[in-house]
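This report describes the strands, nonpolar cores, salt bridges, cavities and backbone angles of one chain. The sequence and structure come first, and the description follows.

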Amino acid sequence: IISEYVEGSSNNKYIEIFNASSSSVTLSDYEVRLFINGATTASSTQNLGSLTGGQSTLAAGAVLVLRNGQANLSLPAGVTAFVSSGVTGYNGDDALAIWKISANAYVDIFGVIGTDPGTGWTGGSNSTVDKTLRRRSTVGAGVTSNPASFSTLGTQWDQFDVDTASGLGSHSLTTAYRDWE
C-alpha cells in the first residue's frame, strides 16, 4: 500500500510503499502509476523491480521509498530513497496507484483516476497540496478499485506540515496483514 505521500515544496516529492502482506513480494510484479490532471491512462509508470540498488523483493512489513530526482529533504538515518522522477513528478491534484502486473489489478489507489480536482483533494481536515500524508496504522489494505471520490483522505490518512520527511522509511501496522501475493 502507499503508506506515505510527501507533496512538498518545489520537487520534494516522496512516496513510501509498505508491504502489508505476511510474506515477501517480488518487486518486478508491481508498478507505480501516475495519472496527471485527471488522465485515465498513466502519464508515467515505474516498475519497482527496475530500481537501482538491486533490490528484487520487499519483505513483509518493510517499506520502499521513491523520490523525485531533485528532492532534497533530510531523511531519517539509514533510509534509502530510490530516484523515480517520472512517477514522483506529481502535484496535489494527481492520482497515484500501485498495479500488480500478474493479477492485472490495482493494489492501492491514491486519489481518483480520471478526476482533476482542481488544485488538490480535501477530506476531513486533510489536503493533498503542500502536505505530508501518512497512512494510519489501522489500514492494512489499499483501495483496489477506482473510487468515485477520495473519501479515504479524511479517514485513512494523518496530515503533517509541508516538507515533513521524518516518518519515511518505516511504517507500523496495528491490524492484520493482508495477503495479496
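Buried means under 20% relative accessible area, exposed means over 50%, and partly exposed is the range in between. Asp158 has 33% relative accessibility, so it counts as partly exposed. The model is a predicted one.

**Salt bridges**

Over the whole structure, a search finds five salt bridges. The table gives three pairs, including the one made by Asp158.

| Acidic residue | Basic residue | Closest N and O atoms |
|---|---|---|
| Glu7 | Lys13 | 2.4 Å |
| Glu31 | Arg33 | 2.9 Å |
| Asp158 | Arg136 | 2.9 Å |

The pair of Asp158 and Arg136 links distant parts of the chain, with their positions 22 residues apart: Asp158 belongs to strand β14 (residues 157-160), and Arg136 to the loop between β13 (132-135) and α1 (153-156). Arg136 has a relative accessible area of 27% and is therefore partly exposed. In the pair of Glu7 and Lys13, Glu7 is buried because its relative accessible area is 3%, and Lys13 counts as buried because its value is 4%. Glu31 and Arg33 are buried too.

**Strand β4**

Strand β4 covers residues 30-35. Six of its six residues are buried, so the strand is largely enclosed by the rest of the structure. In a regular strand the side chains alternate between the two faces of the sheet. Both faces of β4 are covered: one side carries Tyr30, Val32 and Leu34, the other carries Glu31, Arg33 and Phe35, and all of these are buried. The salt-bridged Glu31 and Arg33 thus sit on one face, together with Phe35.

β4 pairs with two strands. With β9 the sense is antiparallel and there are six bridges; in this pairing Tyr30 stands opposite Lys100. With β5 (residues 44-47) the sense is again antiparallel, over four bridges, and Val32 stands opposite Gln46.

**Strand β7**

Which strands are joined to β7, and in what sense do they run? Strand β2 (residues 13-18) is joined to β7 by five bridges, and the two run antiparallel. Strand β8 (residues 81-83) is joined to β7 by three bridges, and these two run parallel. Glu16 has Val65 of β7 as its bridge partner, while Arg67 has Val83 of β8 as its partner. β7 itself spans residues 63-67 and is mostly covered, with four of its five residues buried.

**Nonpolar cores**

The largest nonpolar core holds 33 residues, and those with the most contacts inside it are Ile15, Val32, Leu48, Leu66, Leu96 and Phe110. Two or more residues come from each of β1 (2-7), β2, β4, β7, β9 (95-100) and β10 (105-110). A second core, separate from this one, has eight residues, among them Tyr14, Val65, Ala71 and Ala81.

Leu66 illustrates the contacts of a core residue. Leaving aside neighbours within four places in sequence, Leu66 touches residues including Ile15, Val32 and Leu48 of the list above, as well as Lys13, Tyr14, Ile17, Leu51, Phe82, Ser84, Val87 and Thr88. One of these, Lys13, is the salt-bridge partner of Glu7, and another, Tyr14, belongs to the second core.

**Start of the chain**

Ile1 is found in the segment before β1. With a relative accessible area of 0%, Ile1 is buried. Its C-alpha lies 7.3 Å from that of Ile98, although the two residues are 97 apart in sequence.

**Cavities**

How many cavities of 30 Å³ or more does a search of the whole structure find? The search finds two. The second largest has about 30 Å³ of space. Its lining is made up of Ile109, Gly111, Val143, Pro147, Ser149, Phe150, Ser151 and Thr152.

**Positive phi angles**

Most residues other than glycine have a negative phi. Asn37 has a positive phi of about 50 degrees although it is not a glycine, and Asn104 has a positive phi near 55 degrees. Asn37 is in the loop between β4 and β5, and Asn104 is in the loop between β9 and β10. Asn37 counts as partly exposed because its relative accessibility is 46%. Asn104, at 57% relative accessibility, counts as exposed.

Terms used:
Residues numbered from 1 in each chain as written. Predicted model: local features only at pLDDT ≥ 70, side-chain atom pairs only at ≥ 80, totals over all residues. Heavy atoms only, no water. Buried < 20%, exposed > 50% of the residue type's maximum accessible area, 1.4 Å probe, protein only. Pairing = 2+ DSSP bridges. Core = buried A, V, L, I, M, F, W, Y, C linked by side-chain atoms within 4.5 Å. Contact = heavy atoms within 4.5 Å. Salt bridge = Lys/Arg side-chain N within 4 Å of Asp/Glu carboxyl O. 1 Å grid on protein atoms, 1.4 Å probe; cavity = no way out; pocket = protein on both sides within 12 Å on 5 of 7 lines; lining within 4 Å. Points joined across faces, edges and corners; volume = space filled by probe spheres on them.
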